[in-house]
Amino acid sequence: KRLGNMVLLGAKQNSDLKSAPFEEKRPVLLDSSYVLTSQVGGVPEWNHQTVVERQAILAKYALKAWPL
């Protein structure tokens with residue numbers, strides 16, 4: 001599993017979507033009140049490259065939150 005492929009969702013939403021295709025998840029993600037989750041919903045295509053890019057962004061946020 002990659003951190004870039006994880007999003008925050010409520011328990012019911014997470015259970016309802018499970019392994020649904022991204023096209024089905026996208027409107028739910030876009031409507032999320034969590035900014036980082038809604039950003040994923042704004043991505044037109046979800047693939048390995050977008051996961052890698054998001055993981056790099058999340059790593060930068062982590063370093064700002066918890067400097068080494």
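For the classes used below, Ala, Val, Leu, Ile, Met, Phe, Trp, Tyr, Cys and Pro count as nonpolar, Asp, Glu, Lys and Arg as charged, and the others, Gly among them, as polar. The structure is a predicted model, in which local features need pLDDT of at least 70 and side-chain atom pairs count only at pLDDT 80 or more, while totals for chains, interfaces and linings use all residues. Residues are numbered from 1 along each chain as its sequence is written, and side-chain values use heavy atoms, with hydrogens and water left out.

**Exercise 1. Describe the fold of the protein chain in terms of its elements and overall dimensions.**

Step 1. Helices (H or I, at least four residues) and strands (E, at least two) are taken as DSSP runs, numbered from the N terminus.
Step 2. The protein chain holds 4 helices and 0 strands, and from the N terminus the order reads α-α-α-α.
Step 3. Along the principal axes, the C-alpha atoms fill a box of roughly 40 × 25 × 20 Å.
Step 4. A residue is buried under 20% relative accessible area, exposed over 50% and partly exposed in between (1.4 Å probe, protein chains only). Of the 68 residues in the protein chain, 21% are buried.

**Exercise 2. Characterise the second largest pocket by volume, lining and class.**

Step 1. On a 1 Å grid over the protein atoms alone, a pocket is an open set of points where a 1.4 Å probe fits, with protein on both sides within 12 Å along at least five of seven lines; lining residues have an atom within 4 Å of a point. Grid points are joined across faces, edges and corners, and the volume is the space filled by probe spheres set on the points.
Step 2. The second largest pocket holds about 230 Å³ of space. Among its 13 lining residues, Met 6, Leu 8, Leu 36, Arg 54 and Leu 58 are the closest to its centre.
Step 3. Two or more lining residues come from each of α3 and α4 (48–65), and α4 gives the most, with 4 residues.
Step 4. The class count of this lining is 11 nonpolar, 1 polar and 1 charged residues.

**Exercise 3. Carry out the corresponding analysis for the largest pocket, and examine two of its lining residues.**

Step 1. The largest pocket contains about 300 Å³ of space. Its lining consists of Asn 5, Met 6, Val 7, Leu 9, Asn 14, Leu 17, Lys 18, Phe 22, Lys 25, Leu 29, Val 40 and Trp 46.
Step 2. The elements that contribute two or more residues to this lining are α1 (11–17) and α2; the largest share, 3 residues, belongs to α2.
Step 3. By class, the lining comprises 8 nonpolar, 2 polar and 2 charged residues.
Step 4. Phe 22, in helix α2, is buried because its relative accessibility is 14%.
Step 5. Lys 18 occupies the loop between α1 and α2 and is exposed, since its relative accessibility is 61%. Lys 18 is not a glycine, yet has a positive phi of about 30°. Most residues other than glycine have a negative phi.

**Exercise 4. Identify the salt bridge and explain how its partners are placed.**

Step 1. The criterion is a side-chain nitrogen of Lys or Arg within 4 Å of a carboxyl oxygen of Asp or Glu. By this rule the count is 1 salt bridge.
Step 2. The salt bridge joins the side chains of Asp 16 and Lys 12, at 2.9 Å from N to O.
Step 3. Asp 16 and Lys 12 are separated by about one helical turn because they stand 4 residues apart in helix α1.
Step 4. Both partners are exposed: Asp 16 has a relative accessible area of 51%, and Lys 12 has 60% relative accessibility.

**Exercise 5. Locate the nonpolar surface patch, and contrast two residues of helix α3.**

Step 1. A patch is made of residues with over 30% relative accessible area and no salt bridge; like charges are joined within 9 Å, nonpolar side chains (Val, Leu, Ile, Met, Phe, Trp, Tyr) within 5 Å. Accessible areas come from the Shrake-Rupley method with a 1.4 Å probe, and for residues only the protein chains shown count as cover.
Step 2. Leu 36, Ile 57 and Tyr 61 form such a nonpolar patch, with about 260 Å² of accessible area together.
Step 3. Leu 36 belongs to helix α3 (residues 35–41) and is partly exposed, with a relative accessible area of 34%.
Step 4. Thr 37 also lies in helix α3, but is buried, at a relative accessible area of 1%.
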